[in-house]
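Please open the structure in your viewer and keep the selection tool at hand. The tour proceeds from the overall fold to helix pairs, and then to single residues.

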Amino acid sequence: MLLVPASYLRQGLLSNATTNAGFSIFLLVASGLLTRSFGLPFGLLLGAGLALGAFAVLLGVLALRPVVPGAIVRAVIGFNLLWAAESLAVAYGGLVQPTRAGTVFILAQAAVAAMYAGLQWRGLRQSAVRPA
């Protein structure tokens with residue numbers, strides 16, 4: 001099903017894209033420094049930066065399209081929820097030992113991802129189905 005995105009959904013996707021692009025650049029540039037400050041492995045930070053960059057591109061493309069596939073928007077919402085859940089697992093799962101600053105950073109990412117999922121869900125519900 002194709003949707004004509006409500007402006008709320010379009011804005012949610014675009015702001016999510018810019019946030020992810022900023023976090024991606026930050027992680028890609030500063031992974032080495034953040035490893036010590038956050039107590040997180042370099043590969044985890046670098047991988048997160050790459051994933052966020054790729055996701056930012058997808059979000060930007062969706063935000064600028066006149067119609068969007070509803071299934072892809074739902075997948076974006078699911079990915080944001082998954083990112084939030086995985087962030088909690090990283091912070092508290094015991095596989096890594098983040099510093100206090102690292103834990104705060106991880107929890108902030110989880111909160112932002114969950115917030116975007118909620119905003120996008122609201123925007124999805126306001127969007128119109130494109131007539132056939």
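The stops below describe what each selection contains.

**Stop 1: the whole chain**

Begin with the complete model, which is predicted. Display it as a cartoon, and 4 helices and 3 strands can be traced. Followed from the N terminus, these elements run in the order β-α-α-β-α-α-β. The C-alpha trace spans about 55 × 25 × 15 Å along its principal axes.

Next, colour by relative accessibility. Of the 132 residues in the protein, 39% are buried. A contact map adds another view: among contacts between residues at least 6 apart in sequence, 77% join residues at least 24 apart.

**Stop 2: the nonpolar cores**

Select Leu 27, Leu 34, Phe 38, Leu 40, Leu 45 and Trp 83, the residues with the most contacts inside the largest nonpolar core, which has 16 residues. Which helices supply this core? At least two of its residues come from each of α1 (7–38), α2 (42–64), α3 (70–92) and α4 (100–126).

A second core, separate from this one, has 14 residues. To locate this second core, select Leu 13, Ala 63, Val 76 and Leu 124, which are among its members.

Then return to the largest core and centre on Leu 34. With residues up to four places away in sequence set aside, Leu 34 touches Phe 26, Leu 27, Gly 39 and Leu 45.

**Stop 3: α1 against α2**

Show only α1 and α2. Their axes are 7 Å apart, and the helices pack at an angle of about 160°. Angles over 145 degrees count as roughly antiparallel, and α1 and α2 are therefore roughly antiparallel to each other. The crossing of this pair is left-handed. Colouring the contact of α1 with α2 by residue class gives 20 nonpolar, 9 polar and 1 charged residues.

Within this pair, select Asn 20, which is placed in helix α1. Is Asn 20 buried or exposed? Its relative accessible area is 8%, so Asn 20 is buried. Beyond its neighbours within four places in sequence, Asn 20 is in contact with Leu 52, Phe 55, Ala 56 and Leu 59.

**Stop 4: α2 against α3**

Hide α1 and bring in α3. The axes of α2 and α3 cross at roughly 160° and come within 12 Å. That angle makes α2 roughly antiparallel to α3. Here too the crossing, of α2 past α3, is left-handed.

Select the contact from both sides. On α2, the residues are Leu 44, Ala 48, Ala 51, Leu 52, Phe 55, Leu 58, Leu 59 and Leu 62. On α3, they are Ile 72, Val 76, Phe 79, Asn 80, Trp 83 and Val 90. By class, this contact of α2 with α3 has 13 nonpolar, 1 polar and no charged residues.

**Stop 5: Trp 83**

Keep α3 in view and centre on Trp 83, which lies in this helix. Its relative accessible area is 15%; the limit for buried is under 20%, and Trp 83 is therefore buried. Expand the selection to the residues that Trp 83 touches, not counting those up to four places away in sequence: Ala 48, Ala 51, Leu 52, Gln 109 and Ala 113. Now draw a distance between the C-alpha atoms of Trp 83 and Ala 110. The two are 27 residues apart along the chain, and these atoms are separated by 6.7 Å.

**Stop 6: Ser 87**

Stay on helix α3 and select Ser 87, which lies there. Ser 87 has 8% relative accessibility and so counts as buried. Which residues does Ser 87 contact, leaving aside its neighbours within four places in sequence? They are Ile 106, Gln 109 and Ala 110.

**Stop 7: Ala 113**

Finish in helix α4, the place of Ala 113. With a relative accessible area of 6%, Ala 113 is buried. Neighbours within four places in sequence aside, Ala 113 is in contact with Asn 80, Trp 83 and Ala 84. For a last distance, join the C-alpha atoms of Ala 113 and Asn 16. These residues are 97 apart along the chain, and their C-alpha atoms are separated by 8.4 Å.

Conventions: Residues are numbered from 1 along each chain as its sequence is written. This is a predicted model: local features need pLDDT of at least 70, side-chain atom pairs count only at pLDDT 80 or more; totals for chains, interfaces and linings use all residues. Side-chain values use heavy atoms; hydrogens and water are left out. A nonpolar core is a set of buried Ala, Val, Leu, Ile, Met, Phe, Trp, Tyr and Cys residues joined through side-chain atoms within 4.5 Å. Buried means under 20% relative accessible area, exposed over 50%, partly exposed in between (1.4 Å probe, protein chains only). Contact means heavy atoms within 4.5 Å. Axes are lines fitted to C-alpha atoms, for helices over the stretch in contact, and angles run from 0 to 180 degrees between N-to-C directions. Angles under 35 degrees count as roughly parallel, over 145 as roughly antiparallel, 65 to 115 as roughly perpendicular and the rest as oblique. A crossing is left-handed if the near helix is turned anticlockwise from the far one by less than a right angle, and right-handed if clockwise. Ala, Val, Leu, Ile, Met, Phe, Trp, Tyr, Cys and Pro count as nonpolar, Asp, Glu, Lys and Arg as charged, and the others, Gly among them, as polar.
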